[in-house]
Amino acid sequence: MWLPPALLLLSLPGCFLIQGPGSVRGPEKGSLTVQCRYDPKWKDYVKWWCKGAAWHTCQILVRTNGSEWEKDRVSIRDIWTSHIFTVTMTKLRQDDADTYWCGIERSGSDLGVQVVVTIDPEGTVITSSENLLSRTTANSHGGLSSGSTIRTHYVLLVFVKVPVLLILVGAILCLKRPPGVPEEQWE
């Protein structure tokens with residue numbers, strides 16, 4: 001029966017096992033912090049941060065060992081109570097600009113989400129409000145970009161949740177409609 005799987009679709013935002021900001025910016029010689037949210041069921045698992053465009057070949061820079069770990073200019077901290085882990089990169093250099101991944105180690109294939117890091121050259125003047133917002137987000141709020149999450153939610157709402165809900169309501173109405181002709185009149 002297709003009905004139970006269709007009902008599961010109504011909770012799609014909850015099925016995102018790990019979420020990241022998508023992209024963050026930081027100033028050369030400065031620092032940035034990225035926040036990655038995860039489903040509560042992954043609270044006790046090892047979290048990691050790796051560098052490289054390809055998911056399966058990226059180089060893991062740090063991983064949680066307990067709740068915190070620091071190596072070179074990168075640190076990672078798992079805040080179990082909030083289901084968030086943060087990665088902080090300090091003394092940023094131009095060669096830090098790359099694709100990174102927030103990940104959760106598990107048996108089978110790890111979970112991960114891509115984060116593109118951009119490094120603004122030292123002395124760069126911010127010329128637009130978008131860049132200002134991006135830099136402010138990266139430095140003071142841990143790089144969390146809620147715009148991406150909100151857009152994803154609305155896309156799911158419009159293209160998945162509403163149609164599934166309408167199908168379910170239609171099915172219920174069809175099952176509850178009054179019979180048109182009594183059975184004894186069929187003979």
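This passage walks through the overall make-up of the protein, one of its strand pairings and its disulfides.

The structure is a predicted model, and a quick tour of its parts is a good place to start. Three helices and ten strands make up the list of elements. Read from the N terminus, the order is α-β-β-β-β-β-β-β-β-β-β-α-α. In other words, a helix opens the series, the strands follow, and two helices finish it off.

How much of the protein is tucked away? Of its 187 residues, 29% count as buried. The exposed surface comes to about 11800 Å², with carbon and sulfur atoms supplying 59% of that area. As for how the chain meets itself, take the contacts between residues at least 6 apart in sequence: 60% of these join residues at least 24 apart.

Strand β2, which spans residues 23-27, gives a handy close-up. V24 and G26 lie on its covered face, while S23, R25 and P27 lie on the uncovered one. Behind such a pattern is a general habit: in a regular strand, side chains alternate between the two faces of the sheet. Strand β2 also has a partner, β10 (residues 111-120), and the two run parallel, joined by five bridges. One of the residues involved is P27, whose bridge partner in β10 is D120. P27 therefore turns up twice in this picture, on the uncovered face of β2 and in a bridge to β10.

Then there are the disulfides, of which the structure holds two. One of them joins C36 and C102, with the sulfur atoms 1.7 Å apart. This link ties together distant parts of the chain, since C36 sits in strand β3 (residues 32-38) and C102 in strand β9 (residues 98-104), 66 residues apart. Is this pair of cysteines buried or exposed? C36 has a relative accessible area of 0%, so it counts as buried. C102 is buried too, because its relative accessibility is likewise 0%.

The other disulfide is formed by C50 and C58, whose sulfur atoms are 1.9 Å apart. Which hand does this link have? The angle about the S-S bond is -75 degrees, and the link is left-handed. Both of these cysteines, C50 and C58, are buried.

Counting the bonded cysteines along the chain, the disulfides follow the pattern 1-4, 2-3. Put plainly, the link between C36 and C102 is the 1-4 pair, and the one between C50 and C58 is the 2-3 pair.

Methods: Residues numbered from 1 in each chain as written. Predicted model: local features only at pLDDT ≥ 70, side-chain atom pairs only at ≥ 80, totals over all residues. Heavy atoms only, no water. Helix = DSSP H or I, 4+ residues; strand = E, 2+ residues; numbered from the N terminus. Buried < 20%, exposed > 50% of the residue type's maximum accessible area, 1.4 Å probe, protein only. Contact = heavy atoms within 4.5 Å. Areas by Shrake-Rupley, 256 points an atom, 1.4 Å probe, with all protein chains shown as cover. Pairing = 2+ DSSP bridges. Disulfide = S-S within 2.5 Å.
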